[in-house]
Amino acid sequence: MSFIWAIDKFSCLKIDEKIPFEMKSTSEEVVMSFGLILCEGQHSDDLIFIDIQCFIKKYKYFLFKVFLMDDTGKNTESKEQEFWYNAHLKNKMLNLRLTKTELMEKKSFYLKDDTLSLHCECVFPTGISFEGIISTKIELTLPQTESIDLRSVPIINTSGKQSDDASSLKEDFKALYTEGTLIDIILCTKSKTFPAHSAVLCARSPVFKAALTNDMKMIKESVDTIDMDADTVRRMLSYMYTDSVEDLQWRVLFGCMKRPTSTRSCL
């Protein structure tokens, strides 16, 4: 919506005086009202404000633009501001950042026949056309790539081989196993014991997961051992922690399972 607002006898405008204007619909209903007000500033400047009141409730916000027209009717300086509808604060104020003194000094240019002419526009949204992230892809042009340190670019696995990140993860899990950090379970064979982590065993084996989470029905009070030789258990754990195995022959011959009540508790 746009309109031309002519303020006659501008030179006679006094402090706190309000010049009203109404914008009506085709049915003569007032949809917006305006008031040009001359206010005294901190340095005795007579600042010009526009008081805006919108009666169109279906819009959450609108953009108001005002152009200062010269003596030929051409738009010159402009101000604009976006206003959000607030049921508790219906009146909006737009500071034109102009003073009456400045306009009077250029009255031959802006005040033809002592009339201040303002070209006003009210822009209302018709709806949200799009909402969301447009793109997260970053593309580099050829001139930009010339200054890039290729050592800082992560290696992308395109050949089916493991990336450096995957290798680092395996090394971390291997260190967790070999150093015995935060162990909470021990696997016992006839000749050797192996510290382990129940969380890793449950994640890597449905048998261990069932045994360690289903009320521990397989646990016996006496300490038994796994019916596997120590080398097989070592290779089994190596596979669970590092996803690599050295000719492991699987045999599901387990004895009992027991949560650790001491450092010698066995599975």
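**Cores, a buried lysine and backbone outliers in a predicted model**

In this predicted model, the largest nonpolar core comprises 33 residues, and those with the most contacts inside it are Met 32, Phe 34, Phe 64 and Leu 118. A nonpolar core is here a set of buried Ala, Val, Leu, Ile, Met, Phe, Trp, Tyr and Cys residues joined through side-chain atoms within 4.5 Å, where buried means under 20% relative accessible area, exposed over 50% and partly exposed in between, with a 1.4 Å probe and protein chains only. At least two residues of this core are supplied by each of strand 1 (2–7), strand 2 (18–24), strand 3 (30–40), strand 4 (46–54), strand 5 (61–69), strand 7 (91–99) and strand 9 (115–123), and strand 3 gives the most, with five residues. Helices (H or I, at least four residues) and strands (E, at least two) are DSSP runs, numbered from the N terminus. Leaving aside neighbours within four places in sequence, Met 32 is in contact (heavy atoms within 4.5 Å) with Phe 21, Glu 22, Met 23, Ile 52, Gln 53, Cys 54, Phe 55, Phe 62, Cys 122 and Phe 124. Apart from the largest core lies another, of 17 residues, among them Leu 187, Phe 194, Ala 196 and Leu 201. In soluble globular proteins, nonpolar side chains tend to be buried together.

Residues are numbered from 1 along each chain as its sequence is written. Local features need pLDDT of at least 70 and side-chain atom pairs count only at pLDDT 80 or more, whereas totals for chains, interfaces and linings use all residues, and side-chain values use heavy atoms, with hydrogens and water left out.

The protein chain has seven helices and eleven strands, and 33% of its 267 residues count as buried. Among contacts between residues at least 6 apart in sequence, 58% join residues at least 24 apart. One pair distant in sequence is Gly 73 and Lys 112, which are 39 residues apart along the chain and 9.8 Å apart in space, C-alpha to C-alpha; Gly 73 is placed in the loop between strand 5 and strand 6 (75–84) and, at 40% relative accessibility, is partly exposed.

A charged residue is also found among the buried positions: Lys 100, in helix 1 (residues 100–105), is buried yet has no salt bridge, the nearest side chain of opposite charge being Asp 46 at 5.5 Å. A salt bridge requires a side-chain nitrogen of Lys or Arg within 4 Å of a carboxyl oxygen of Asp or Glu; Lys and Arg count as positive and Asp and Glu as negative, while His and the chain ends are not counted. The side chain of Lys 100 instead reaches the backbone oxygen of Leu 13 at 2.7 Å. Beyond neighbours within four places in sequence, the contacts of Lys 100 are Phe 10, Ser 11, Cys 12, Leu 13, Leu 38, Asp 46 and Ile 48.

Most residues other than glycine have a negative phi. Arg 97, which lies in strand 7, has a positive phi of about 55° although it is not a glycine, and is exposed, with a relative accessible area of 61%. Asp 114, in the loop between strand 8 (111–112) and strand 9, likewise has a positive phi, of about 60°, and at 24% relative accessibility is partly exposed.

The structure holds zero disulfides, a disulfide being a pair of cysteine sulfur atoms within 2.5 Å. Cys 120 is buried at 0% relative accessibility, but its sulfur is 7.2 Å from the closest cysteine sulfur, in Cys 122, and therefore too far for a bond.

Definitions and conventions
A polar contact is a pair of N or O atoms within 3.5 Å; within protein, one must be able to donate a hydrogen and the other to accept it, and residues adjacent in sequence count only if both atoms are side-chain atoms.
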